[in-house]
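This briefing is meant to be read alongside the sequence and the model. It takes up strand pairing, helix placement, one buried residue and charged side-chain pairs in turn.

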Amino acid sequence: MSSKRPQPAPGVAAPRPLPGILELAPYRQGASEIAGRAAPIKLSSNESALGPSPAALEAYHAAARALNRYPDGSQRELRAAIAEVHGLDPGRIFCGNGSAELIGLLIKTFVGPGDELLLPQSHFEMCPIYGKAQGARIVLAPDAGDKVGVDALLAAITPRTRLIAVANPSNPTGTYLARDEVERLHAGVPAEVVLLLDGAYAEFVTGEDYDPGTGLVERTTNAVMTRTFSKAYGLAGLRIGWAYAPPGIAEVVQRIRVPFNASSAAMAAAAAAVRDADYLAGVRAHNRRWLDRIGERLRALGLPVSDSSANFYLIDFSALPGRSAAAADAFLKARGILARPAAAGCAREVLRITVGTDAENEAVLDALSDYVSGRE
């Protein structure tokens, strides 16, 4: 029996999607397979090298005993855990199916047809997808080197701007805007425009001049911070994230949030993970140690690498004669290593690579050394 679905005859009416939907390219996740390799080194999606804490795993398994029950739609226990650890108001917190869903909810709430969604050139790839689905115009502001261009963002604001979404640290460079720069950006944003600070990699930042946005949220009416448990906490497979917002924004977003958008198991694991400060400190130390070592080794090879504060780094091959990001990517794949080619907003010869385990990082450094020197 044929598995092909019958197609409507030419001229026959069929359901039509909303304007702009067919112009969207589906989100492209990092590669996970290499033909002929049973277990490649996957460093293409910025997943945790060390995985979740034992406390999170224990809570996850314990939650299995109540899988016949709906999750707590109020998300009370997870909100309380986040508030306790970060010193926040639990009433301003709402959680969801990863921070990606929460970003989508914010765009759906505040951006409509004809409005403008303002993004840095380097941005989270789902943002323009959400915006275009709403019928919005996507406006991109040029970056300032490897950092988000604050001046360019401010210059791009128009009366139609409704939401500005900035990842801090930025993806794919891993660089961050210091507290003063975020404050300067917010000072130039009209009160009726939402400033969304996406802190997916906030837990990795060690700089004392960094603030993921909690201060702005508590002092203003239009700043929102989103965070995730997918990166530093190692819970990407459970899809759980949270947002911190002024009461007026939190209240209206809750009106369209699906009541059970976060599973019981995900919330239980996340609550245990956020309380395991010692494990998170170990993850952060591992990441910082390897970023420093990788940067030193790659620069010694003549490879410019971004000054990242996230759990990944960006390598620029454009200044290396006879070498390219595509060729380097192919070389790494031949060694069983998966990196990620240029991400959203990047036109340069770059590869983004996740910080892995000790052995994985050594394998990457050995492979890149061989590639640069011409050894097979």
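In this predicted model, strand β9 (residues 312-316) and β12 run antiparallel to each other and are paired over five bridges. Strand β12 covers residues 350-354, and because five of its five residues are buried, it is largely enclosed by the rest of the structure. The points below begin with β12 and its partners and then move to the seven-stranded sheet, to T161 and to the salt bridges.

**Strand β12 and its partners**
- Within the pairing of β9 with β12, Y313 stands opposite I353.
- Strand β11 (residues 340-341) is also joined to β12, in the antiparallel sense and by two bridges, with P341 standing opposite L351.
- The side of β12 to which V350, R352 and T354 point is opposite to that of L351 and I353, and the residues pointing in both directions are buried.

**The seven-stranded sheet**
- An open sheet of seven strands with mixed pairing follows the order β2-β8-β7-β6-β5-β3-β4, and its edges are formed by β2 (93-96) and β4, each of which pairs on one side only.
- On average, neighbouring strands of this sheet are turned by 20° against each other, direction ignored.
- Edge strand β2 is joined by four bridges to strand β8 (residues 241-244), the two running antiparallel, and the bridge partner of C95 in β8 is W242.

**Helices lying across the sheet strands**
- Helix α2 (residues 76-86) lies across β2, β7 (223-228) and β8, and its direction makes an angle of about 125° with β2.
- Helix α4 (residues 126-133) lies across β3, β4 and β5 (161-167), in this case running at about 170° to β3.

**T161, a residue of strand β5**
- T161 is placed in strand β5, and it counts as buried because its relative accessibility is 1%, where the cut-off for buried is under 20%.
- A polar atom of the T161 side chain lies 2.9 Å from the backbone nitrogen of T158.
- When neighbours within four places in sequence are left aside, the contacts of T161 are E116, L118, A156 and V193.

**Salt bridges**
- The structure holds 19 salt bridges, and as a general point, side chains of opposite charge can pair when their charged atoms come close.
- One of them joins the side chains of E116 and R137, with an N to O distance of 2.9 Å; since E116 lies in strand β3 (residues 116-120) and R137 in strand β4 (residues 137-141), this pair ties together parts that are 21 residues apart in sequence.
- Within that pair, E116 counts as buried at 8% relative accessibility, whereas R137, at 48%, counts as partly exposed.
- Another salt bridge is formed by the side chains of E362 and R293 (2.7 Å, N to O), and it links distant parts of the chain, with E362 in helix α12 (residues 358-373) and R293 in helix α10 (residues 277-300), 69 residues apart.
- E362 has a relative accessible area of 24% and is therefore partly exposed, and R293 counts as partly exposed at 36% relative accessibility.
- Through salt bridges that share partners, R293, R297, E362 and D366 are joined into one network.
- The side chains of R76 and E77 also meet in a salt bridge, at 3.9 Å from N to O, and both R76 and E77 are exposed.

Definitions and conventions
Residues numbered from 1 in each chain as written. Predicted model: local features only at pLDDT ≥ 70, side-chain atom pairs only at ≥ 80, totals over all residues. Heavy atoms only, no water. Salt bridge = Lys/Arg side-chain N within 4 Å of Asp/Glu carboxyl O. Buried < 20%, exposed > 50% of the residue type's maximum accessible area, 1.4 Å probe, protein only. Pairing = 2+ DSSP bridges. Axes fitted to C-alpha atoms, helices over the stretch in contact; angles between N-to-C directions. Contact = heavy atoms within 4.5 Å. Polar contact = N/O pair within 3.5 Å; in protein donor to acceptor, adjacent residues only side chain to side chain.
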